[in-house]
Amino acid sequence: MSTTAIMEERVVEPSAIRERLSGNEAVAIAIKQIHPDVFPAFPITPSTEIPQYFSSYVANGEVKTEFVPVESEHSAMSAAVGAQSAGARTMTATSSCGLALMWEELYIAASNRLPITLALVNRALSGPININCDHSDSMGARDSGWIQIYSENNQEAYDNFIQAVRIGEHKDVQLPVMVCQDGFITSHAVENINLIEDSLVKEFVGEYTQENYLLNAKMPMSTGAYDVTGYYMEHKRQQAEAMKNAKKVALEVAKDFEKISGRSYGLFEKYKLDDADYAIVIINSAAGTAKDAIDKMRSEGKKVGLLKIRLFRPFPAEEIREALKHVKVLAVMDRCEGFNAYGGPLGAEVKGALYSLEKGPKIVNYIYGLGGRDVKVENVEEVYSELEKIDNSNELGDEYRYLSVRD
């Protein structure tokens, strides 16, 4: 019987295990509860703690995972590709330049339809050298074929990682998944968190059974073979269809997850958005700051709201279009520079999604928080004030702006 069928038959009364954990330790515990077959790793700030914690679980005999220390992040993803191809449930973690060093293997993992799960702790890409948070690493990999899930806080990082396994391994998907959280802001900050019992997590993710794998002697196969022109396009089309399927699967998995956790997830979160005249679209931890600003401004009679994207790949364009069609003026917040002289990657995606609206919102794109620059409540209030000015003057002005930067 499938895991989904089990969850439909039996609704579990959520029983939270209260803990105080950093985002890194929360993810490491999720990995321990899932109990993967193989975990190759190379340390890089600020994700180092994830394999560090997990290696201690292996050393203590809490899990029987094959922990593989390697000499680089490229080798870590290469080992993950090999292990997953052989039929082993495989996970790893990285950040920033570590993800960049994995670049070649990211595409191979996705095109070979290998549901590896990666904990990505977002950090700025060099140069100049910077070890703090922005989204240049994951946004740079947005078109590598990986599903991308983003996490506002430690609880979401834990919950999203558990769900990611089910999403990637689903028979209609079979794609790798990166679960993102903000470096230091959530990865090292300690918060109250509700864990799920080990047995429920294990039952939720189920046993990994790959249909075709290298160690299956009854069905010899190869992976990574040369794909001639007569087949390459068809294989890419299949890969693209799998990414489309991931949206529906993510929602199905979220429903099952709510049954064991009591926590509800969707493609994105709407916060006081339904009647908002002015709204922002944002990803990861700054959404929490934005919610505080919204609460303050709502108390002053301002109709402001938020759309926080959780599932960025596949991009839920149709659903976002429906959620934002009533907004008068919109700010899309990018914690990553697109270097196209026009804005950031999230800005381009949202503008594309809203293009077909006959009368959509006016849109400005802000670049903010690069290299870990603080985002304060008053900074978000400033954005909303600018949106109101645009509405009152009916003049858009600069569509591409920087927030809290020195001239």
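**Exercise 1.** Determine from its relative accessibility whether S96 is buried or exposed, and then state where S96 lies.

*Solution.* Start with the accessibility: S96 has a value of 0% and therefore counts as buried, a class that means under 20% relative accessible area, with exposed over 50% and partly exposed in between (1.4 Å probe, protein chains only). The model is predicted, and local features need pLDDT of at least 70. Residues are numbered from 1 along each chain as its sequence is written. Next, place the residue: S96 belongs to helix α5, residues 96–101, where helices (H or I, at least four residues) and strands (E, at least two) are DSSP runs numbered from the N terminus. Finally, look at the backbone: S96 is not a glycine, yet its phi is positive, at about 45°.

**Exercise 2.** Carry out the corresponding analysis for F339, giving its phi, its place and its exposure.

*Solution.* Phi of F339, a residue other than glycine, is positive and near 55°. F339 sits in the loop between β13 (329–334) and α13, and with a relative accessible area of 72% it is exposed.

**Exercise 3.** Explain why helix α13 is described as largely enclosed.

*Solution.* Helix α13 spans residues 345–354, and eight of its ten residues are buried, so the rest of the structure largely encloses it. The buried residues include P345, L346, G347 and E349.

**Exercise 4.** Locate the cis peptide bonds that precede P46 and P314.

*Solution.* T45 is joined to P46 by a cis bond with omega about 0°, and P46 falls in the loop between β2 (38–41) and α3 (49–59). The bond from R313 to P314 is cis, with omega near 0°, and P314 lies in the loop between β12 (311–313) and α12 (317–324).

Note on methods. Predicted model: local features only at pLDDT ≥ 70, side-chain atom pairs only at ≥ 80, totals over all residues. Heavy atoms only, no water.
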